[in-house]
Amino acid sequence: MKLMNDKYSVSPGNVFYLMYISLVGIGIMNFQQKMILPNGSENDGWISIIIAALLILLLTKMMYVVLARQDIKKASLVHINLRYFGRFFGLMINWIFILYFILGGFVWFQTYIQVIQLWLFPNVNVWPLSLLIISLIYYAVSGGFQSITAICFWGTLLLYTFILPQLYYITPYIRPSNLLPMFNHNLSQYFFTTREFSHEFISCIILLAVYPFVQNPKKSQKWAFIAIGASALIYLIYFFMSYMYFSLGELKITLWPTLSFIAMIELPVLQRMEYFIVAVFLLKILAAISIGIWASCHSAKLMHSIRPSRFLLVILLIFFVCFIFREPSSTAILQDFYSHTGEILVYLYVPLIFIISLIGKNSGKTEAKGNT
Amino acid sequence: MVLTASYDLNDNKIENNVLIGEYTEQDKTNIIFRKTTSNNNYEIITHLNTQMNKPIAYGQMRMILFGQAFARKGIGDVINILSRDAEISSHLQLAVSSDKPEDIMRATIETHDPLYLMRMIEQNYINENLPNVNLHTHVFNYYGQGQDIYIPTFKLTPNESVEIDGIALFKKDKDVHHLSIDECIWLKLLLQNAKSGTFAMTKEHNENILIHIDSSKNKMKLIQSNPQLIIQDRLKINASIKNISEEIPIRKKQQLDELEKELEEYVRNNIEKLTKKLQSLKVDPVGFGRFTRSRDRKWNENEFYRQYDKQFTFNLDVEIKLNQIGTED
């Protein structure tokens, strides 16, 4: 029951890397900050991380149910929308998703450039770097789905390899009592933090676009769940490390807490560790941007038979133009816009199609029976 | 490259001195000394550049020395600048100098090490009585609730060399009191699980004993927070005898036990003396406030420090175990 040529598809295990990359974004550098705003739950933020992860787990399960109930040849975002919402509305929703993926890519791209400008090289001319990133994106996406998966693989390894040495250097400075007393916030603060934090996870919707490119897609479900677990774990580790390392007042003035304590590590040969980490982080950002852009190229192809390579060039041109007209304040606005759109798409759209698909005919099973 | 810098007040103007390391040939460092004055804390780099043929870089700066007058007036502004600058390392050390910072810095020039003062502090908290400090701990305490900052102090010895002579206690960002180096060990025992430190005890007939702390464990317990604050502290110390007058008998197990008792009493008295002093000064470098915050949901910083000096009882239990002694039973 193979859907596609082996040349384009990947094995179920790779869903882990694809999901993980979408879940752990550049937000890992400063998500701790979002929890201390006047209505954040501060030292109890870990509860919100767990709740958000469970929510995403539930939504991912829903996505899998929806996908399993589709005709296996048409189990993708584009076809689901066309099937359930009719041609006109289906196309509209698809375009919303395409734009949403592109926006996501651009937000990450811009945030990354901002980290470099604010933290590493305040006086650097960012043009050469951004052109380099844009050409790398072109290279990755035009390489096809398999090459993107490969980049995702390297991007995943990265953060995990650095955690152990970090823990080693940070341990002498941590104060576990910072986390006490537990549960000293009210419900609305937990709600606010959970909502704020779940913005880190909204890119999980990419699964709908990736699904048809996985061999034996039903088997990939457990890998998607493991990916959610792994990303929740990495957020939790960074949460605990930074809340025990910084005092609350200090965290308020620390723009990028994760980078700040990476800077604590000083090796004789490499005194500024954070420069290195940010440089390597490029790989992760590249992977995340590439999946989004690939998904929008592919969706455009499915809908209008637009050649992906052409569409890719258009997208990169849009990137470039947006980048010319960017302003320092626009990053935050775009991020906000992206998070709130994502919130609607993930929390309303997924349950909606889930319910519709339960009411509708189950094409997945009949197809399977028909084949055997 | 600026490696060590200082802030001091002189005629209401801020006087900055810097030691600049110039790495010429292998392993040889030339130290350049520069001095500027300005009206605020921000212009140091600009003013220094007017005196240099190459641009000043401060990414490797590891030591900042405050003159006592400057520290009394407040170092909050400088901590703020340092904590916000990504180029500044968290391993940077701060210190207060009882003598003029300029003299202290000049005294280290002959060592050919522009970071001599920083290395003094580091070696002292690793091997001796100084508690663990660096910019991170200072920023942590300064912006966090319930703990005041404490910064090592330097002074010149009569023969013009530099020595660490204790710890400066701050209230908010102002230097209010200096602890002697002998008192530092008691503060260190309260602050962290110490892995080093020594203290000497003199018995009634002038017999001396020098104790080295191998490891210590400090466990505080909040007994009650209202209306009286009571904290119960259990301090366990593993120590060894470094030197001992011959008159003190420690051959028998029983004699050793007695000695341990005496030491416990001695440590307890000294620490209690220190905490009384901290209470009367209304400073909290130990972080009693931070500790209570973590145990008491209703904790409020202002409330806490209003009752800190009068309605706070600190009960201490000390348990000392002496290691590596051959005894005959």
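1. Which residues does Ser142(A) touch, not counting residues up to four places away in sequence? The answer is Ser309(A) and Leu312(A). This is a predicted model, and Ser142(A) makes a good place to start reading it. Ser142(A) lies in helix α5 of chain A, which covers residues 127-142. Although Ser142(A) and Leu312(A) are 170 residues apart in sequence, their C-alpha atoms are 7.9 Å apart in space. Ser142(A) counts as partly exposed because it has 15 C-beta neighbours inside 10 Å, and a residue needs 20 or more to be buried.

2. Now step back to chain A as a whole. Chain A has 15 helices and 0 strands. Its radius of gyration is 21 Å, close to the 21 Å that the globule rule gives for 372 residues, so chain A is as compact as a globular protein of that length. Along the principal axes, the C-alpha atoms of chain A fill a box of roughly 65 × 45 × 35 Å. Of the 372 residues, 44% count as buried.

3. How do contacts in chain A relate to sequence? Take the contacts between residues at least 6 apart in sequence: 85% of them join residues at least 24 apart. The pair from the opening point, Ser142(A) and Leu312(A), is an example of residues separated in sequence, with their positions 170 residues apart, that touch.

4. Helix α3 of chain A (residues 45-68) deserves a look of its own. At 1.5 Å a residue, its 24 residues should span 34 Å, and the end C-alpha atoms are 35 Å apart, which agrees. The buried residues of α3(A) include Gly45(A) and Trp46(A) at one end of the list and Val66(A) and Leu67(A) at the other. Among the others are Ile49(A), Ala52(A), Ala53(A), Ile56(A), Leu59(A) and Met63(A). An α-helix has 3.6 residues a turn, so residues three or four places apart point the same way. What covers the buried residues of α3(A) includes α4 (77-120), α7 (187-198), α8 (207-210), α9 (221-245) and α14 (330-359) of chain A.

5. One of those covering helices, α14(A), can be followed in more detail. The axes of α3(A) and α14(A) come within 9 Å and cross at roughly 35°, and the crossing is left-handed. From α3(A), the residues Leu59(A), Met62(A), Met63(A), Val65(A) and Val66(A) take part; they meet Val346(A), Val350(A), Pro351(A), Ile353(A), Phe354(A) and Ser357(A) in α14(A). By class, this contact has 10 nonpolar residues, 1 polar and no charged. Leu59(A), Met63(A) and Val66(A) also appear among the buried residues of α3(A).

6. A second helix pair to view in chain A is α1 (residues 15-23) with α6 (residues 145-170). They pack at an angle of about 65°, with their axes 8 Å apart, and this crossing is left-handed. Tyr17(A), Leu18(A), Tyr20(A) and Ile21(A) in α1(A) meet Thr149(A), Cys152(A), Phe153(A), Gly155(A) and Thr156(A) in α6(A). The residues of this contact divide into 6 nonpolar, 3 polar and no charged.

7. Next, where the chains meet. The contact takes 15 residues from chain A and 17 residues from chain B. On the side of chain B that touches chain A, α3 (76-84), α6 (135-143) and α9 (288-295) of chain B each supply at least two residues. That side of chain B has 5 nonpolar, 8 polar and 4 charged residues.

8. Within chain B, helix α7 (residues 181-191) has a run of buried residues to find: Cys184(B), Ile185(B), Trp186(B), Leu187(B), Lys188(B), Leu189(B) and Leu190(B). What covers them includes the strands β7 (162-171), β8 (174-180), β9 (198-202), β10 (208-224) and β11 (229-244), along with helix α8 (253-281), of chain B.

9. Strand β10 of chain B is where Asn208(B) lies. Leaving aside neighbours within four places in sequence, Asn208(B) is in contact with Ala200(B), Thr202(B) and Ser245(B). The C-alpha atoms of Asn208(B) and Ser245(B) are separated by 5.4 Å, with the two residues 37 apart along the chain. Asn208(B) counts as partly exposed, with 13 C-beta neighbours inside 10 Å.

10. Finally, two backbone details in chain B to check by eye. His112(B) is not a glycine, yet it has a positive phi of about 60°; it is found in the loop between α4 (101-109) and α5 (116-127) of chain B. Lys172(B), in the loop between β7 and β8 of chain B, has a positive phi near 50°. Lys172(B) counts as exposed because it has 12 C-beta neighbours inside 10 Å, whereas His112(B), with 13, counts as partly exposed.

Key:
Residues are numbered from 1 along each chain as its sequence is written. Chains are lettered from A and ligands numbered from 1 in the order in which they are written. This is a predicted model: local features need pLDDT of at least 70, side-chain atom pairs count only at pLDDT 80 or more; totals for chains, interfaces and linings use all residues. Axes are lines fitted to C-alpha atoms, for helices over the stretch in contact, and angles run from 0 to 180 degrees between N-to-C directions. Helices (H or I, at least four residues) and strands (E, at least two) are DSSP runs, numbered from the N terminus. A crossing is left-handed if the near helix is turned anticlockwise from the far one by less than a right angle, and right-handed if clockwise. Two residues are in contact if their C-beta atoms, placed from the backbone, lie within 7 Å. Ala, Val, Leu, Ile, Met, Phe, Trp, Tyr, Cys and Pro count as nonpolar, Asp, Glu, Lys and Arg as charged, and the others, Gly among them, as polar. The expected span of a helix is 1.5 Å times one less than its number of residues. The radius of gyration is taken over C-alpha atoms; the globule rule is 2.2 Å times the number of residues to the power 0.38.
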